[in-house]
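Welcome! Let's take a friendly walk through this structure, one strand at a time.

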Amino acid sequence: MKVSKVLLLSAMILGFVVAGVAAHAPTINVTYSLVRVHSALTTAVGGINDSGTVVGVFQEKAAYQHGYVMSNGKATWIDYPNAQ
């Protein structure tokens, strides 16, 4: 009986500590955007810099993958020379 009371008291104290820490946690604002590359079947974002330029890869219907860089909503393909 004593062990269960100690466990219950420990759980309550832990709960109050977690609630106190969570109350002072920073707020993070996140915005999601849809990224589309013309003629792509799939698109993946690899990174976004501070100015909002997006880089990533996409796959076209011929199953070839290409890199892209997107700035101000316009995507530019990036391919290694002679790549398929």
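**Following a strand and its partners**

Our starting point is a pair of residues in this predicted model: V69 has T76 in β4 as its bridge partner. V69 itself sits in strand β3, so let's look at what lies on either side of that strand.

On one side is strand β4, covering residues 74-78, which runs antiparallel to β3 and is joined to it by 5 bridges. To get from β3 to β4, the chain makes a hairpin with 2 residues between the strands. Look there for N72, which takes a positive phi near 55°.

Strand β3, residues 65-71, also pairs with strand β2, residues 54-60. This pairing is antiparallel too, and it extends over 6 bridges. As an example of how the two strands line up, find V57, which stands opposite G67 in β3. The hairpin of β2 and β3 has 4 residues between the strands, and here A63 is the residue to look for, with a positive phi near 70°.

Now let's return to V69 and ask which residues it touches, leaving aside those up to four places away in sequence. The contacts are T53, V54, V55, K74, A75, T76 and I78. T76 is thus a contact of V69 as well as its bridge partner.

Is V69 buried or exposed? The answer falls in between: V69 counts as partly exposed because its relative accessibility is 25%, and the partly exposed class lies between the limits of 20% and 50%.

Finally, for a wider view, find I13, which is 56 residues from V69 along the chain. The C-alpha atoms of these two residues are separated by 51 Å.

Technical notes. Residues are numbered from 1 along each chain as its sequence is written. This is a predicted model: local features need pLDDT of at least 70, side-chain atom pairs count only at pLDDT 80 or more; totals for chains, interfaces and linings use all residues. Side-chain values use heavy atoms; hydrogens and water are left out. Two strands pair if DSSP finds at least two bridges between them. Buried means under 20% relative accessible area, exposed over 50%, partly exposed in between (1.4 Å probe, protein chains only). Contact means heavy atoms within 4.5 Å.
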